[in-house]
Amino acid sequence: MTRNTVGWHIELEFQEDDQHTRAAAMVRLPDGTEVRTHGHATRHHTDTSQPRVGEEVAGARALNELAMRLLTKAHDEIDEASGRTSHPIHV
């Protein structure tokens, strides 16, 4: 039995101001495809400034969207390879 080790590196970048955090996520797949997503967090005006929390929320939202896009890509590839419409892949 042959085993292949495959690794994906996901890049996350953040932009922040006093009330907003934006995250951009990107993964480059072995087939050369790049999947990019974004997430956003807004600090309520009565909350104390906690940039790390904004990064966690915005980052989690970007990664969640990345996961959904990867599931959709896999689903489309299954349909294409099988020639039929399969059941949707759910999280």
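**View 1. The lining of the largest pocket, sorted by class, holds nine polar, five charged and four nonpolar residues.** This is a predicted model, and the pocket shown here encloses about 280 Å³ of space. Its lining is made by 18 residues, and those closest to the pocket centre are Arg43, Thr48, Gln50, Val53 and Gly54. Look next at where the walls come from: strand S2 (20-28), strand S3 (34-42) and helix H1 (51-82) are the elements that each give two or more residues to the lining. H1 makes the largest contribution, with four residues.

**View 2. Ten residues form the largest nonpolar core.** If you would like to find them one by one, they are Ala23, Ala25, Val27, Leu29, Val35, Ala41, Ala58, Ala62, Leu66 and Leu70. At least two core residues come from each of S2, S3 and H1. Helix H1 supplies the largest share of this core, four residues.

**View 3. Strand S1 (residues 10-16) lies antiparallel to S2, and seven bridges join the two.** Follow the chain from S1 into S2 and you pass through a hairpin with three residues linking the strands. Two of the pairings are easy to pick out by residue name. Leu12 has Ala25 of S2 as its bridge partner, while Glu13 is bridged to Ala24 in S2. Ala25 is also a member of the largest nonpolar core.

**View 4. Nine bridges hold the antiparallel pairing of S2 with S3.** The hairpin between these strands has five residues, and Gly32 in this hairpin adopts a positive phi near 90°. Further along the pair, Ala23 has Gly39 of S3 as its bridge partner, and Thr21 is partnered with Ala41 in S3.

**View 5. Strand S3 has one covered face and one uncovered face.** On the covered face you will find Val35, Thr37, Gly39 and Ala41. Glu34, Arg36, His38, His40 and Thr42 make up the uncovered face. Val35 and Ala41, from the covered face, both belong to the largest nonpolar core.

**View 6. Gly39, a residue of strand S3, is shown with its surroundings.** Is Gly39 buried or exposed? With a relative accessible area of 9%, Gly39 falls under the 20% cut-off and is therefore buried. Setting aside neighbours within four places in sequence, Gly39 contacts Thr21, Arg22, Ala23, Ala58, Arg61 and Ala62. One of these contacts, Thr21, sits 18 residues away from Gly39 in sequence, yet the C-alpha to C-alpha distance between them is 8.3 Å. Ala23, another of the contacts, is the residue whose bridge partner in S3 is Gly39.

**View 7. Ala41 is pictured with the residues it touches.** Not counting residues up to four places away in sequence, these are Gln19, His20, Thr21, Gly54, Val57, Ala58 and Arg61. Thr21 is also the residue that has Ala41 as its bridge partner in S3. Gly54 links this view back to the largest pocket, as one of the lining residues closest to the pocket centre. Ala58 joins Ala41 in the largest nonpolar core.

Definitions and conventions
Residues are numbered from 1 along each chain as its sequence is written. This is a predicted model: local features need pLDDT of at least 70, side-chain atom pairs count only at pLDDT 80 or more; totals for chains, interfaces and linings use all residues. Side-chain values use heavy atoms; hydrogens and water are left out. On a 1 Å grid over the protein atoms alone, a cavity is a set of points where a 1.4 Å probe fits but cannot get out, and a pocket is an open set with protein on both sides within 12 Å along at least five of seven lines; lining residues have an atom within 4 Å of a point. Grid points are joined across faces, edges and corners, and a volume is the space filled by probe spheres set on the points. Ala, Val, Leu, Ile, Met, Phe, Trp, Tyr, Cys and Pro count as nonpolar, Asp, Glu, Lys and Arg as charged, and the others, Gly among them, as polar. A nonpolar core is a set of buried Ala, Val, Leu, Ile, Met, Phe, Trp, Tyr and Cys residues joined through side-chain atoms within 4.5 Å. Buried means under 20% relative accessible area, exposed over 50%, partly exposed in between (1.4 Å probe, protein chains only). Contact means heavy atoms within 4.5 Å. Two strands pair if DSSP finds at least two bridges between them.
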